[in-house]
Amino acid sequence: MKIIKKGQLPEERVYIGICKNCDTIMEAFRSDLKGNYDFRDNVTILSAKCMLCGSVTYFRPKPPT
């Protein structure tokens, strides 16, 4: 077997979040975020408190550059 395109392990992936309350932009690793499973949409929603104002901020994978 061989790897055609190397992926990235979930714990190494970088996520980005924008606080809806104060517009702070943050980056985090998966281990820094809390995950809640949404059974309705079959997805895991990642969140953390904003480092500036403390509001719950939702994160998504950072697009590749």
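Begin with the whole chain in a ribbon view, where you will find zero helices and five strands, and keep in mind throughout that this is a predicted model. If you follow the ribbon along the sequence, the elements come in the pattern β-β-β-β-β.

Before selecting anything, turn the protein and look at its outline. Along the principal axes, the C-alpha atoms fill a box of roughly 50 × 30 × 15 Å. The radius of gyration is 14 Å, whereas a compact globule of 65 residues would have one near 11 Å. Buried residues make up 22% of the 65 residues, and the protein exposes about 5,600 Å², of which carbon and sulfur atoms supply 56%. Among the contacts between residues at least 6 apart in sequence, 38% join residues at least 24 apart.

**First stop: strands 1 and 2**

Select residues 14-18, which form strand 1, together with strand 2, and you will see two strands that run antiparallel and are joined by five bridges. Within this pair, look for Ile18, which stands opposite Ile25 of strand 2.

Now show the side chains of residues 25-29 alone. In a regular strand the side chains alternate between the two faces of the sheet. Strand 2 has a covered face, with Met26 and Ala28, and an uncovered face, with Ile25, Glu27 and Phe29.

**Second stop: the loop at Asp23**

Move next to the loop between strand 1 and strand 2, and select Asp23 there. The hairpin made by these strands has six residues between them. What is the sign of phi at Asp23? Phi is positive, about 65°, although Asp23 is not a glycine. This deserves a second look because most residues other than glycine have a negative phi. Asp23 is also exposed, with a relative accessible area of 58%.

**Third stop: a salt bridge**

Return to strand 2 and select Glu27, then add Lys62 to the selection: these two form a salt bridge, and their closest N and O atoms are 2.5 Å apart. Glu27 belongs to strand 2 while Lys62 lies in the segment after strand 5, so the pair ties together parts that are 35 residues apart in sequence. Both partners can be found at the surface view as well, since Glu27 counts as partly exposed at 48% relative accessibility, and Lys62 is partly exposed with a relative accessible area of 35%. The count for the model comes to one salt bridge.

**Fourth stop: Thr57**

Select Thr57, which lies in strand 5. Is this residue buried or exposed? Thr57 is buried, because its relative accessible area is 1%, and the limit for a buried residue is under 20%. To see what surrounds Thr57, leave aside its neighbours within four places in sequence and display its contacts, which include Gly17, Ile18, Met26 and Leu46. Cys19, Ser47, Ala48 and Cys50 are also in contact with Thr57.

**Last stop: a nonpolar patch**

Finally, switch on the surface and select Val43, Ile45, Val56 and Tyr58, which together make a nonpolar surface patch of about 360 Å². Colour strand 4 (43-49) and strand 5 (56-61) separately, and you can check that each supplies at least two residues of the patch. Of the patch residues, take Val43 as an example: it is found in strand 4, and Val43 is partly exposed, with a relative accessible area of 38%.

Key: Residues are numbered from 1 along each chain as its sequence is written. This is a predicted model: local features need pLDDT of at least 70, side-chain atom pairs count only at pLDDT 80 or more; totals for chains, interfaces and linings use all residues. Side-chain values use heavy atoms; hydrogens and water are left out. Patches are made of residues with over 30% relative accessible area and no salt bridge: like charges are joined within 9 Å, nonpolar side chains (Val, Leu, Ile, Met, Phe, Trp, Tyr) within 5 Å. Accessible areas come from the Shrake-Rupley method with a 1.4 Å probe; for residues, only the protein chains shown count as cover. A salt bridge is a side-chain nitrogen of Lys or Arg within 4 Å of a carboxyl oxygen of Asp or Glu. Helices (H or I, at least four residues) and strands (E, at least two) are DSSP runs, numbered from the N terminus. Buried means under 20% relative accessible area, exposed over 50%, partly exposed in between (1.4 Å probe, protein chains only). The radius of gyration is taken over C-alpha atoms; the globule rule is 2.2 Å times the number of residues to the power 0.38. Contact means heavy atoms within 4.5 Å. Two strands pair if DSSP finds at least two bridges between them.
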